[in-house]
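Open the model in your viewer and keep the sequence panel beside it. This tour goes stop by stop, telling you what to select and what you will find there.

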Amino acid sequence: MVALRFYATGSFQLVNADVHNISKSSVSNITRDVTQCLVRVCQQYVVMPTDPVELQSVMQGFNNVANFPNVVGAIDGTHIRIRAPSVDEHIYVNRKNYHSVNVQGVCDSDMKFMNIVAKWPGATHDAFIWANSNISEMFENRTIGHGWLLGDSGYPLRPWLLTPVLNPQQRYNKAHVQTRSIVERSFGLLKSRFRCIDTSGGTLLYTPKRCCDIVIAVVVLHNMCIIHRIPLQADNFEDLSRLGRQHYNGNLNDGAAVRQILMQNKNK
């Protein structure tokens, strides 16, 4: 209960210690140990499917949202506010000028996370995190050989990662935004359940490594809640820590042909 209270509220160790009538050091040790236990079981609860039958089920869930076909995940990033680190402090300052870690997530239509990357400083661009992630490699080497992710304009346009059209194609962009917005709501729901990583809970007062472990721990708990259908009262899951996106300006934009076919089909 000590760790769960911290995850849910982000309360200071002294407050948590007083509530449970234990020492601050005990609160710290308990939270650390529970966090490490959850990190160790992450791969059991945060799983990107590769089996065609499982992928087909994910596609059907997304197709039911806005009739966007063959979507196997929605991808986005969010920033988790942290205390200024003592080492390499400058690389943790994001574009909103506060210290953070930049977390990448891929979710399904039920707002369950299928992949999470929590290790990069706040100044890191989303496209760089994607390019150096295991989920990108799974598409590159065709471990996932069918379907595509939906991402915003901060990501490269690839045959397996479709982004919006900057010169708006109304029907394509509308379906894209409606479907992809699920990942934004997923991060919003995550932070609503676990205020320790939300700005309403303050700032994580730990090293960047431990902050990243806490993020992974609450993602595991979030997925447990989704699996067991544990409800949350409110239904306004806005991610207030989502920064306005920078457009991707790199050379990897070889998904134009795939996107064009989809736009043509949408306009029929």
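Start by selecting Asp213 and Lys209 in this predicted model. They form a salt bridge, with the closest N and O atoms 2.9 Å apart. Both sit in helix α9, and because they are four residues apart there, about one helical turn separates them. Now colour by accessibility: is Asp213 buried or exposed? Aspartate 213 counts as buried, at 7% relative accessibility, while lysine 209 counts as exposed, at 57%.

Next, select Asp76, Arg180 and Glu184 together. Salt bridges with shared partners join these three residues into one network.

How many salt bridges does the structure hold? There are six, and two more are worth a stop. For one of them, show Arg158 and Glu140, whose closest N and O atoms are 3.0 Å apart. This pair links distant parts of the chain: Arg158 lies in the loop between β4 (148-150) and β5 (161-162), whereas Glu140 belongs to helix α7 (residues 134-140), 18 residues apart. Arginine 158 is buried, with a relative accessible area of 6%. Glutamate 140 is partly exposed, at 41%.

For the other, move to Arg195 and Asp198. Their salt bridge has its closest N and O atoms 3.4 Å apart. Here the arginine, Arg195, is partly exposed at 32% relative accessibility, and Asp198 is buried at 8%.

From Asp198, step back to Ile197 and display its surroundings. Which residues does Ile197 touch, leaving aside neighbours within four places in sequence? Its contacts are Ile80, Leu190, Lys191, Leu204, Ile214, Val215 and Val218.

Ile197 also leads you into the largest nonpolar core, which has 68 residues. Select Tyr7, Phe68, Trp130, Ile135, Leu149, Ile197 and Leu204 to mark those with the most contacts inside this core. Then bring back helix α9 (residues 208-227): it gives the most to the core, with 11 residues.

While helix α9 is on screen, pick out its cysteines Cys211, Cys212 and Cys225. Cys212 is buried at 6% relative accessibility, and Cys225 is buried at 12%. Why is there no disulfide at Cys212? The closest cysteine sulfur, in Cys211, is 6.9 Å from the sulfur of Cys212, which is too far for a bond. Across the structure, the disulfide count comes to zero.

Now switch to cartoon view and select strand β2 (residues 100-107). Eight of its eight residues are buried. In a regular strand, side chains alternate between the two faces of the sheet. Show the side chains of β2 and you can follow this: Ser100, Asn102, Gln104 and Val106 point one way, and Val101, Val103, Gly105 and Cys107 point the other way.

Add the partners of β2. Strand β1 (residues 71-81) pairs with β2 in the antiparallel sense over eight bridges; to find one of them, look at Ala74, whose bridge partner in β2 is Cys107. Strand β3 (residues 113-121) also runs antiparallel to β2, joined to it by seven bridges. One of these pairs Val106 with Asn115 in β3.

For the last stop, follow the chain through the hairpin of β2 and β3, which has five residues between the strands. Select Met111 there: methionine 111 takes a positive phi near 70°.

Terms used:
Residues are numbered from 1 along each chain as its sequence is written. This is a predicted model: local features need pLDDT of at least 70, side-chain atom pairs count only at pLDDT 80 or more; totals for chains, interfaces and linings use all residues. Side-chain values use heavy atoms; hydrogens and water are left out. A nonpolar core is a set of buried Ala, Val, Leu, Ile, Met, Phe, Trp, Tyr and Cys residues joined through side-chain atoms within 4.5 Å. Buried means under 20% relative accessible area, exposed over 50%, partly exposed in between (1.4 Å probe, protein chains only). Helices (H or I, at least four residues) and strands (E, at least two) are DSSP runs, numbered from the N terminus. Contact means heavy atoms within 4.5 Å. Two strands pair if DSSP finds at least two bridges between them. A salt bridge is a side-chain nitrogen of Lys or Arg within 4 Å of a carboxyl oxygen of Asp or Glu. A disulfide is a pair of cysteine sulfur atoms within 2.5 Å.
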